[in-house]
Amino acid sequence: MTTLLYGRPPLVFDPPSTENGAATQTSPLIPGSTPLESFAPGSVDSIMIYAPPGVLERRYALAVALKALKVGGRLDVMAPKDKGGSRLKKGLTAFGVEIGETAKAHHRRCVVIRPETVPESEKAIDEAIAAGAARLVEGLEAWSQPGVFAWDRIDAGSALLAQALPPLKGRGADLGCGYGALSTVVLRSSAVTALRLVDLDRRAVEAAERNIEDQRAHFDWADVRTLDPATDSWGDLDFVVMNPPFHDGGAEDRRLGQAFIKKAAEMLKKGGTLWLVANRHLPYESELNEAFKRVTPGVDGGGYKLFQAVK
C-alpha cells in the first residue's frame, strides 16, 4: 500500500507516520522529501495533505494528488479555516469529486474518494496543474513557481539590497536564495570565486538552478538553521547575503531571521561581511550586535532597512 503525506498536519488529525517507510513525505518545504509529482498517475492508495495557503499552490497540490491516486484511493486534506480551509470544499468541487467535510481544531477537513474521472474533471485537474507548475515568468525573465517566495516579482527588499551591494569577492553564500534574484547580482562580480545558494523550498532551488548557469554557483536544498559549517566545506566565508524569511506556515516568526543571523556569523570568517535586508519592524539589531564586531546600518526606505555587519 502506497501512502503519502504532504506537510505536517497537526497530530489531532492522526497523520500517517513516515518512519520505517509507512508513509512518504512529499512536501517541497521538507528537505529530503520525495516530490509529489514523481508518483505515476493512478499509483497511490492514500494521501494526506496539509494544504498550503496560496490559492494556486493549493489547487496545484490537490490536483497533482488526485492525479496520483488510484480509483477508489482516499484524499484527506485539511487547512486552518483562515488560511484556505474555508475554501477547500469549493476548490475540490471544481475537480468533479464528492466531498465529506468536517470542522475540527479551527480547521476544515475534506475527505475524497477518487472516482472514475470524466473528461470535464480531468480537464480541470490538468488546468490546475498547469497554473501551479514551474514556468518562465513573463516580465521577470526567470523561472519560478507559485509557492516560492515572491515567485512572480522582484521582492522590494531584495531589490534594495541588490542596489546597495558593492562588487563582492571570494567565497560566499545566499541564505534563503529563492529563485536566485540576489545571487544573480552577486555573480556579476568576477571576483566572486564560489557562491552557495541555500533554500528550504525545493521549488526555489530548482528554479535557481535553471536561472543561474554559472560554475561558481552551488545549490543546496536545506534548512539554513541546521547547516553545520564545522562539518562541511562552507565555513570561513568572505561574505553572506540574505533577505531572511519571517513567516512560518503563514504566521510571523521573528526567530527565523534571528536564527539566520546567528548562522551567517558561524559561516563567516573573521573579517567576513554579512549584507542583510529586513522589514523595518523586525528586531534584528540585538542579534547583529551580539554576533558581529561592527554593524553599520545602510539605506532605510520603502519599509525596509539594510545592514552591513563585519565579524
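This note walks through two sheets, the helices that lie on them, and a few single residues, all taken from a predicted model.

1. The sheet built from the early strands is open and has six members, arranged in the order 2-1-3-4-6-5 with mixed pairing. Its edges are formed by strand 2 (24-25) and strand 5 (99-104), each of which pairs on one side only.

2. Within that sheet, strand 3 (residues 44-50) runs parallel to strand 4 (residues 69-80), and six bridges join the two. Two positions help to locate this pairing by eye: Ile47 stands opposite Leu75 in strand 4, and Ser46 has Arg74, also in strand 4, as its bridge partner. Strand 3 is also joined to strand 1 by four bridges, again in a parallel arrangement, and here the bridge partner of Tyr6 is Ile49 in strand 3.

3. How enclosed is strand 3 by the rest of the structure? Five of its seven residues are buried, so strand 3 is largely enclosed.

4. Helix 1 (residues 55-68) lies across strand 1 (3-6), strand 3, strand 4 and strand 6 (107-113), and its direction makes about 155 degrees with that of strand 4. Helix 1 also meets helix 3 (residues 119-132): their axes come within 8 Å and cross at roughly 130 degrees, which makes helix 1 oblique to helix 3. The crossing of these two helices is left-handed. On the helix 1 side the contacts involve Leu56, Arg59, Tyr60, Ala63, Val64, Leu66 and Lys67, while the helix 3 residues that they meet include Ile125, Ala128 and Ile129.

5. Gly84 deserves a separate look, since it lies in the loop between strand 4 and helix 2 (88-93) and yet counts as buried, because its relative accessibility is 0% and the cut-off for buried is under 20%. Once neighbours within four places in sequence are left aside, Gly84 is in contact with Arg58 and Ala79. For a sense of scale, Gly84 and Asn289 are 205 residues apart in sequence, and their C-alpha atoms are 39 Å apart in space.

6. A sheet of seven strands, also open and with mixed pairing, follows the order 11-10-9-12-15-17-16. Strand 11 (217-221) and strand 16 (294-301) are the edge strands, each pairing on one side only. On average, and with direction ignored, neighbouring strands of this sheet are turned by 15 degrees against each other.

7. At one end of the seven-stranded order, strand 10 (residues 192-199) and strand 11 run parallel and are joined by five bridges, with Trp221 in strand 11 as the bridge partner of Asp199. Helix 6 (residues 202-211) lies across strand 10 and strand 11, running at about 165 degrees to strand 11. Helix 7 (residues 255-267) packs on the sheet as well, where it touches strand 9 (170-175), strand 10, strand 12 (237-242) and strand 15 (268-279), and its direction makes about 155 degrees with that of strand 15.

8. A last point concerns the cysteines. How many disulfides does the model contain, if a pair of cysteine sulfur atoms has to lie within 2.5 Å? The count comes to zero disulfides. Two cysteines can be placed by their accessibility: Cys110 is buried, with a relative accessible area of 0%, and Cys177 counts as buried too, at 7% relative accessibility.

Conventions:
Residues are numbered from 1 along each chain as its sequence is written. This is a predicted model: local features need pLDDT of at least 70, side-chain atom pairs count only at pLDDT 80 or more; totals for chains, interfaces and linings use all residues. Side-chain values use heavy atoms; hydrogens and water are left out. Two strands pair if DSSP finds at least two bridges between them. Contact means heavy atoms within 4.5 Å. Axes are lines fitted to C-alpha atoms, for helices over the stretch in contact, and angles run from 0 to 180 degrees between N-to-C directions. A disulfide is a pair of cysteine sulfur atoms within 2.5 Å. Buried means under 20% relative accessible area, exposed over 50%, partly exposed in between (1.4 Å probe, protein chains only). Angles under 35 degrees count as roughly parallel, over 145 as roughly antiparallel, 65 to 115 as roughly perpendicular and the rest as oblique. A crossing is left-handed if the near helix is turned anticlockwise from the far one by less than a right angle, and right-handed if clockwise.
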